Each structure stands twice: as structure tokens, then as C-alpha cells.
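Hi,

Here is the structure I promised to pass on. Have a look at it first, then read my notes below.

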Amino acid sequence: MNQFSLEGKSFIVTGASSGIGKAASRFLAEAGARVICVARRREPLDDLVATINNEGGKASRLVADLSVLEDLSDIASSCKKIYSPIHGLVNAAGVNLRQSVDDITIESWQSTLNINLAAPFFFSREFVSQMKAAGYGRIINFASLQSVRAFPNGLAYGASKGGICQLTRAMAEAWSHSSVTCNAIAPGFFPTELTEPVFSDSAVRQWAADQTLIGRNGEMEDLSGALIFLASEASKYITGQVLFVDGGFTAR
Ligand SMILES: NC(=O)c1ccc[n+]([C@@H]2O[C@H](COP(=O)([O-])OP(=O)(O)OC[C@H]3O[C@@H](n4cnc5c(N)ncnc54)[C@H](OP(=O)(O)O)[C@@H]3O)[C@@H](O)[C@H]2O)c1
């Protein structure tokens, strides 16, 4: 048996219209999973689903705004109508507004915390009973270097990502007994829409690479091993953990 195979498993990926969520959707499909790709922008989701299906994978999409917490139950029901049972959820949707401390408003604080921290909990909870019944559940959150480091203009984002580490442990505490594991991946710097301000500035980009032990920033493929591992049977005795995929940035 290939313990990294996801054949016969159904996964949801949030934030699938861009960056890490988009790549994660392809990695999961390549490993054999059926994938529901969720985000607000329809066109990039349609393109992604067409690509996956053309490559022989199986994917569907759902257009939804996950920051409206009251809607999450209905959004989850729509997902369950596409594929059931859901065996795994990758919570990759997120924002980093990069505001200075003085510019943060109650509204911007709440919108960051809603999508980065509250949605991963409330959305995940919608699928736990299906995962329990299936005897298989994998919830994967996204932490950050800012879970453990303070960067300029990162106060609200950092608070949400610090919170994600503890949320991951608390969700693991609540659900692991029923074969539903919960772990987080903490990427270093990967080129996406979210990190465009870093990668478009050669000095900052080089600074980030120089902080790693490996000597370069991340490339999407660097995330695939950790993701498939945490999604698969291979990680069945691992829960409540945060795996830094950061080239050794946080080892210094
Ligand atoms: N890139 C990195 O180096 C890095 C490093 C550490 C952590 N991370 C984390 O990894 C995750 C993915 O980041 P990324 O770099 O891939 O960012 P990205 O390219 O900006 O993608 C973010 C995704 O989140 C979706 N999203 C945002 N708000 C949403 C909402 N209200 N409802 C539904 N979907 C929403 C966006 O889609 P729509 O706009 O279409 O809704 C998009 O698909 C985030 O949690 C981020 O904090 C990234």
C-alpha cells in the first residue's frame, strides 16, 4: 500500500484561486484526491479546475466568501453536495493587509482575524462529523514565520498567525481521538500575490533568502511533500503540530 496515496479521498482547499491554495489543489489532485477548490474569484477557480481535470485529476469549485462567518455552515453544505464524505480540509485562504500599527482599524483587524483565524475553526468544524464517520480526517492550517517572529506592518496578520498555532493544537485536542488530525504548515517566503511586496523588491527578496539556512526563498514544489504527508495515511500519528517549511529561516 502507498501510504502517501489520496485515492478515494475528498479534500477541500480554501484560497484555491491563487498561490499556495492553488498549488495545494494540484498537489492533492496529483496524489489522487478529489478536490473542491474554494475562493471568491470565479475565473481563476474555473481555470484551475479545468487544468486539474485536463491533467486527469478530479476537481470542482465553489465560489464563496469565507470571511462571512454566518455563511460558513451553508458553504459547507454546498461542498458536501459536491463530494461526500469530505476527508480533508486545507485552510489556505488568508490575507495580509500590511498596515502600520496606527492604520489598523477595528474593521481591518476583524476582517484579517475572520479569514485567517476564525474561518479555519468554524469551517473545519462543519466537516468533523463526516470525517469521524469516515474514520479519516485531515485538517491542515497555514501558519507563518509571523507565528513566531514580529515583522514590520504585521501586527494583525501576526496575531492571526500566532493564533493559528494554538488553534491547531486546540482543534487537535478536540478531534484527534476520532481519527481527525489537525496540523499546520508554516511556510517561509513563497512567491504569491500575498508576498508580491517582498518578491518585487530585490533587496527584501534577497534579505529573506539570506535568513534561511538553505540560502534561497521557497518554490511552490517545496510545499508538496509536507502537504501530501500531512494529508495522507503516512501522518496518522501526528497531530497538533506546526511544520515549518522555511529553508531553516526559524532555525537560526
Ligand atoms: N506566500 C507565503 O510566502 C506565505 C508564507 C506564510 C504563510 N502563508 C499563508 O499561506 C496562505 C496562502 O497564502 P498565499 O501566499 O497563497 O496568498 P494569496 O496568493 O494571496 O492567496 C490567498 C487566497 O485566499 C483567498 N481568500 C482571501 N480572502 C478570502 C475570503 N474572504 N474568502 C475566500 N477566500 C479568500 C484568495 O482568493 P480570492 O481573492 O479569490 O477570494 C486567495 O485564493 C495564507 O494563509 C498565508 O497567510 C503564505
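Here is what I found, with the terms explained as they come up.

This is a predicted model, where local features need pLDDT of at least 70, side-chain atom pairs count only at pLDDT 80 or more, and totals for chains, interfaces and linings use all residues. Residues are numbered from 1 along each chain as its sequence is written.

Let's begin with strand S4 (residues 88-91); helices (H or I, at least four residues) and strands (E, at least two) are DSSP runs, numbered from the N terminus. S4 pairs with S1 in the parallel sense over 4 bridges, and S4 and strand S5 (residues 137-142) also run parallel, joined by 4 bridges. (Two strands pair if DSSP finds at least two bridges between them.) Val 90 in S4 is the bridge partner of Val 13, and Val 90 also stands opposite Ile 140 in S5.

In a regular strand the side chains alternate between the two faces of the sheet. In S4 both faces are covered: Gly 88 and Val 90 on one side, and Leu 89 and Asn 91 on the other, are all buried. Buried means 20 or more other C-beta atoms within 10 Å of the residue's own, exposed means 12 or fewer, and partly exposed is in between, with C-beta atoms placed from the backbone.

Next, find Ala 16, in the loop between strand S1 (10-14) and H1. Ala 16 is buried, because 31 other C-beta atoms lie within 10 Å. Its C-alpha atom and that of Ala 39 are separated by 5.9 Å, though the two are 23 residues apart along the chain.

Cheers
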